Amino acid sequence: MKTKKSGPNYGNWVSARFVLVPGTIGLLLLVAACFLPGLAILAVIFLLVAAYFIYARYLFAPNGKNLQMKIWELLLNHLDWDGKGQALDIGCGNGPLVIALAKKYPKGLINGVDYWGKNWAYSQAMCENNARLEGVENNVKFQKASASQLPFPDGSIDAVVSNLTFHEVPGQVNKRELLREALRVVKKGGPFVFQDLFLVEPYYGKMDDLLETIQDWGIQQVKFIETRNEAFIPKVLKLPFMLGTVGILVGKK
């Protein structure tokens, strides 16, 4: 009897704990409401929160609406690169962007860096296994590194991407400095596409000022695109704590 081969593991952007925690609390409150009826309303609120995240997980999941893949494709569709030389994904997680680039540009070397902290389920081994399963292990390279100190010389990378990483980097309050570091390694004239919580002002300030600052660093082209305005993003995911503050910076150095 043949066993079915497992495919790559790209996880789900909505952690299961967002369902389990409010769901468990809601059920406990529901039981307690049998003795203290006033807790019933609170129980319903927690159960509704759990239900919202169950639906959100379905929307992002590969066996659901697969919005994760659509958002990755949105990001890479803005990358104006010919596939020659090296590309870099900063904060590669479990490797989906690295692998997608390796498939699209088989003659390029695609680097992925991530810190893979203990609070994350992702790892370098998971990235490498996903690459093997996707058949691109020969033109990808993964290594542990921080987005605040990339292990590449100035202007050494032909194209750079990053997806929802910079806001997660600890110890760097001014997230603009992470953008500066990412742009440092891009070759002059090379393309970059970064997606993050760019509409959260405590992280990045006002968008007009951010774009002006980036240009002051010597970047020749940069523009901002609001992810939430894409037609495939459902209204239920446009809330501020989901995709409501997410956007893309695209340009050329």
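What do the buried residues of α3 pack against? They pack against α2 (40-60), α4, β4, β5 and β7. The points below start from the whole predicted model and then return to this helix.

1. Overall make-up. The model is predicted. The protein holds 8 helices and 7 strands. Its C-alpha atoms fill a box of roughly 70 × 60 × 35 Å along the principal axes. Of the 253 residues, 45% are buried. Take the contacts between residues at least 6 apart in sequence: 74% of them join residues at least 24 apart.

2. The sheet. An open sheet is formed by 7 strands. Their order is β3-β2-β1-β4-β5-β7-β6, with mixed pairing. The edges are β3 (140-144) and β6 (221-226), each of which pairs on one side only. On average, neighbouring strands are turned by 15° against each other, direction ignored.

3. Strand β1 and its partner. β1 (residues 86-90) runs parallel to β2 (residues 109-114). The two are joined by 5 bridges. At one position in this pairing, Gln86 stands opposite Leu109 in β2.

4. Helix α4 on the sheet. α4 (residues 96-104) packs on the sheet and touches β1, β2, β3 and β4 (159-163). The direction of α4 makes about 180° with that of β2.

5. Helix α6 on the sheet. α6 (residues 176-184) lies across β1, β4, β5 (191-196) and β7 (247-252). Against β5, α6 runs at about 155°. Both β1 and β4 thus appear in the list for α6 and in the list for α4.

6. Strand β5. Is β5 enclosed or open? Of its 6 residues, 6 are buried, so β5 is largely enclosed by the rest of the structure. In a regular strand, side chains alternate between the two faces of the sheet. Check each face in turn. Pro191, Val193 and Gln195 are buried on one side. Phe192, Phe194 and Asp196 are buried on the other. Both faces are therefore covered, and β5 is largely enclosed.

7. β4 beside β5. These strands pair in the parallel sense, over 4 bridges. Val161 stands opposite Val193 in β5. Val193 is also one of the buried residues just listed.

8. Helix α3 against α4. The axes of α3 (residues 67-77) and α4 come within 11 Å and cross at roughly 55°. That angle makes α3 oblique to α4. The crossing is right-handed. On the α3 side, the contact uses Trp72, Leu75 and Leu76. On the α4 side, it uses Pro96, Leu97, Ala100, Leu101 and Lys104. By class, the contact has 7 nonpolar, no polar and 1 charged residues.

9. Buried side of α3. The buried residues are Leu67, Gln68, Ile71, Trp72, Leu74, Leu75 and Leu76. An α-helix has 3.6 residues a turn, so residues three or four places apart point the same way. Trp72, Leu75 and Leu76 are buried, and these residues also meet α4. Besides α4, the buried residues of α3 pack against elements including α2 and β7.

10. Val21. This residue is found in helix α1 (residues 17-32). Is Val21 buried or partly exposed? Its relative accessible area is 48%, so Val21 counts as partly exposed. Val21 and Val49 are 28 residues apart in sequence. In space, their C-alpha atoms are 9.7 Å apart.

Terms used:
Residues are numbered from 1 along each chain as its sequence is written. This is a predicted model: local features need pLDDT of at least 70, side-chain atom pairs count only at pLDDT 80 or more; totals for chains, interfaces and linings use all residues. Side-chain values use heavy atoms; hydrogens and water are left out. Two strands pair if DSSP finds at least two bridges between them. Axes are lines fitted to C-alpha atoms, for helices over the stretch in contact, and angles run from 0 to 180 degrees between N-to-C directions. Contact means heavy atoms within 4.5 Å. Angles under 35 degrees count as roughly parallel, over 145 as roughly antiparallel, 65 to 115 as roughly perpendicular and the rest as oblique. A crossing is left-handed if the near helix is turned anticlockwise from the far one by less than a right angle, and right-handed if clockwise. Ala, Val, Leu, Ile, Met, Phe, Trp, Tyr, Cys and Pro count as nonpolar, Asp, Glu, Lys and Arg as charged, and the others, Gly among them, as polar. Buried means under 20% relative accessible area, exposed over 50%, partly exposed in between (1.4 Å probe, protein chains only).
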